[in-house]
Amino acid sequence: MSKKVHITIQAGEISEQTVEVADDASYEDLLDTLDINQETVLVLNEGNAVPLDGIVLSDKLTILRVVTGG
């Protein structure tokens, strides 16, 4: 089975989309589905960062692009 997850992506501009993932999908799987490099973002559930190897439990997430510089 699968479930739908509403994603808000904050990377300069804000975009939103809904994706379908397997019930046992991890946050890494979700980022792969979205073709997003997991080393460049944080995945937030209700404002709290989640471990990327954890299972997607929420139907509403925020992906925040991390900007670093030197």
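In which sense do strand 3 and strand 4 pair, and over how many bridges? In the predicted model examined here, strand 3 and strand 4 pair in the antiparallel sense, and two bridges join them. One residue pair in this region is formed by Asn45 and Asn48, the latter lying in strand 4 and serving as the bridge partner of the former. The two strands belong to an open sheet of five strands, whose order is 2-1-5-3-4 and whose pairing is mixed. Because strand 2 and strand 4 (48-49) each have a single partner strand, they stand at the edges of the sheet, and one side of each is left without a neighbour there.

The largest nonpolar core comprises 17 residues, and those with the most contacts inside it are Ile7, Leu30, Leu61 and Ile63. At least two residues of this core come from each of strand 1 (2-11), strand 2 (13-22), helix 1 (27-33), strand 3 (41-45) and strand 5 (60-65). In soluble globular proteins, nonpolar side chains tend to be buried together. When neighbours within four places in sequence are left aside, Leu61 is in contact with Val5, His6, Ile7, Thr8, Tyr27, Leu30, Val43, Leu44, Asn45 and Val56.

Thr8, one of the residues in contact with Leu61, is found in strand 1. Its relative accessibility is 15%, and Thr8 therefore counts as buried, the cut-off being under 20% relative accessible area. Beyond its neighbours within four places in sequence, Thr8 is in contact with Ile14, Ser15 and Glu16, and also with Leu61, Thr62 and Ile63.

Two loop residues are likewise of interest. Ser26 is found in the loop between strand 2 and helix 1, and with a relative accessibility of 8% Ser26 counts as buried. The side chain of Ser26 reaches the backbone nitrogen of Glu28 at 3.3 Å, while the contacts of Ser26, with neighbours within four places in sequence left aside, are with Leu52, Asp53, Gly54, Ile55 and Val56.

Ile36, in turn, has its place in the loop between helix 1 and strand 3, and a relative accessible area of 12% means that Ile36 is buried. Residues up to four places away in sequence not being counted, Ile36 touches Ile9, Leu31, Val41 and Ile63. Ile36 and Ile63 are 27 residues apart along the chain, and their C-alpha atoms are separated by 9.7 Å; Ile63 is also listed among the residues with the most contacts inside the largest nonpolar core.

How values were computed:
Residues numbered from 1 in each chain as written. Predicted model: local features only at pLDDT ≥ 70, side-chain atom pairs only at ≥ 80, totals over all residues. Heavy atoms only, no water. Core = buried A, V, L, I, M, F, W, Y, C linked by side-chain atoms within 4.5 Å. Buried < 20%, exposed > 50% of the residue type's maximum accessible area, 1.4 Å probe, protein only. Helix = DSSP H or I, 4+ residues; strand = E, 2+ residues; numbered from the N terminus. Contact = heavy atoms within 4.5 Å. Pairing = 2+ DSSP bridges. Polar contact = N/O pair within 3.5 Å; in protein donor to acceptor, adjacent residues only side chain to side chain.
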